[in-house]
Amino acid sequence: MRAVSYVERLEFDFPGSVFKNAFLFGDVDNDKREELVVGNENGDVYIYKGSATKCWRRASDLGMVTAIGIGDIFNAGRNALVVINGEGWCYIFDFLTDTCSDGELPMKPTHVQRIPANTKVLLLHDVNSDGMIELVIGLTDRVVRTYQWINTKLVGLNKWEFANQIGTVGINDMANRTPSLLVAHPGGTFIRLKCKPLENCEDQGKDQEQRELLSKMSIDYHPLAYSHMRNPNVSTEILGNISLGMSHQDENQGALYAVATLDGTLMMVRDEQILWSLQVDHQLFALSKLDITGDGREEVIACSWDGQTYIVNQEKQTVRFQFDQSVSAFTAGHYSLNPQSPSLPAFAYATFHNKIYVYYNVSLPRITLHTSNELLKNKSENLDENLLKYLTNPSKLSEVFSKTLYKI
């Protein structure tokens, strides 16, 4: 496995401890440029924009921020920022009404609502194919709930309770292109939830408990390689809808998804069949996806607590990048340095020493290295075949060096 080195980076000061699901890239203000949003246990949320070292927007007194999401929560055709704390308060910031100058005043939430406490992960996506974005939250109480913005508030749609602690919650399209929720469970296992729209959810006279009854929708348990796990009780991360690129789409198969465990197992899965499995000697705690090579196919980015970062393509070919500090949170995505330039692929690391590092332009021409013989056979490379013949023939190469030294 070869190593790569990235040197282009930005360094931000950010106080306090960061939860791994309160750290992400996204376009919060709908200017077609991505920002970095981060929250801490002290109730602070900072938004970093461009190459400036100071934060662009900030909010305080939000409680212990455990999860952050960016998406069209209002179903109004624009993104908003959703912040949830451990005490059960949900704050929504709509930048359509934002009038503050850069860094001038704290952000004020557009909407504040009480939801169940102990949220650890959130997801914004149309999970029931009704054309509307839902808010999905996973709780440390082994519960997953879905909400939808109706009229002036978030209304509960579904609730599922599980016997084991959940890891992350992901979205993944099935073969018929309908979405499903993937709920990670210990030991590399997961449960697939197939959602359908809930009827008459706008009926204000309907009892709240009736709206939040345990769903009778399809629930499938998938052990995957449970018996082969090093530790069947280890925590699991899951990441769905990994892009295959336009030329590799197959309508008869579901989307790719990745499963990682804290003991160092990484799997690529499709339709509950393991395509490949990779074992590493580091504790993998965060999964992201990003097109590193620019071919339209997303690579899986797995990060460990000590900063070791693995970039794995869909054929299991791997490179690694070693961040030089231990990290509390990691994310991969796109980040905009300025309004005039396109967004660049980026990695972001939150350390335990009140620092955030953003590595930008983390692209690679390819994941694998090609030998000169392979290049020689590949006519599309447009390389000098005579030169390659010398490089692949040691006696010829020695002859060239001898003649050169003789002339000197």
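Begin by selecting the lining of the largest pocket in this predicted model, where a colouring by residue class will show 20 nonpolar, 12 polar and 6 charged residues. The pocket itself holds about 1,200 Å³ of space, and its lining numbers 38 residues. To find the middle, select Leu 24, Leu 123, Leu 239, Lys 289 and Thr 331, which lie nearest the centre of the pocket.

Next, display the strands around that centre. Two or more lining residues come from each of β3 (23-26), β7 (65-71), β11 (119-125), β15 (169-173), β19 (236-242), β23 (284-290) and β27 (327-335). Pause on β23, since this strand gives the largest share of the lining, 6 residues.

Now zoom out to the whole chain in a cartoon view, in which 4 helices and 29 strands can be picked out. If you colour by burial, 50% of the 408 residues count as buried, while a surface view covers about 19,200 Å² of exposed area, 49% of it supplied by carbon and sulfur atoms. Drawing the contacts between residues at least 6 apart in sequence adds another layer, for 51% of these join residues at least 24 apart.

Finally, colour by pLDDT, which averages 85 over the chain, with 81% of the residues scoring at least 70. Two segments deserve a separate selection. Over residues 201-216 the pLDDT stays under 50, although the model has 28 contacts beyond four places in sequence for this segment. Over residues 404-408 the pLDDT also stays under 50, and here the model has 0 contacts beyond four places in sequence.

Notes:
Residues are numbered from 1 along each chain as its sequence is written. This is a predicted model: local features need pLDDT of at least 70, side-chain atom pairs count only at pLDDT 80 or more; totals for chains, interfaces and linings use all residues. Side-chain values use heavy atoms; hydrogens and water are left out. Buried means under 20% relative accessible area, exposed over 50%, partly exposed in between (1.4 Å probe, protein chains only). Contact means heavy atoms within 4.5 Å. Accessible areas come from the Shrake-Rupley method with a 1.4 Å probe; for residues, only the protein chains shown count as cover. On a 1 Å grid over the protein atoms alone, a cavity is a set of points where a 1.4 Å probe fits but cannot get out, and a pocket is an open set with protein on both sides within 12 Å along at least five of seven lines; lining residues have an atom within 4 Å of a point. Grid points are joined across faces, edges and corners, and a volume is the space filled by probe spheres set on the points. Ala, Val, Leu, Ile, Met, Phe, Trp, Tyr, Cys and Pro count as nonpolar, Asp, Glu, Lys and Arg as charged, and the others, Gly among them, as polar. pLDDT is the predictor's confidence in each residue, from 0 to 100.
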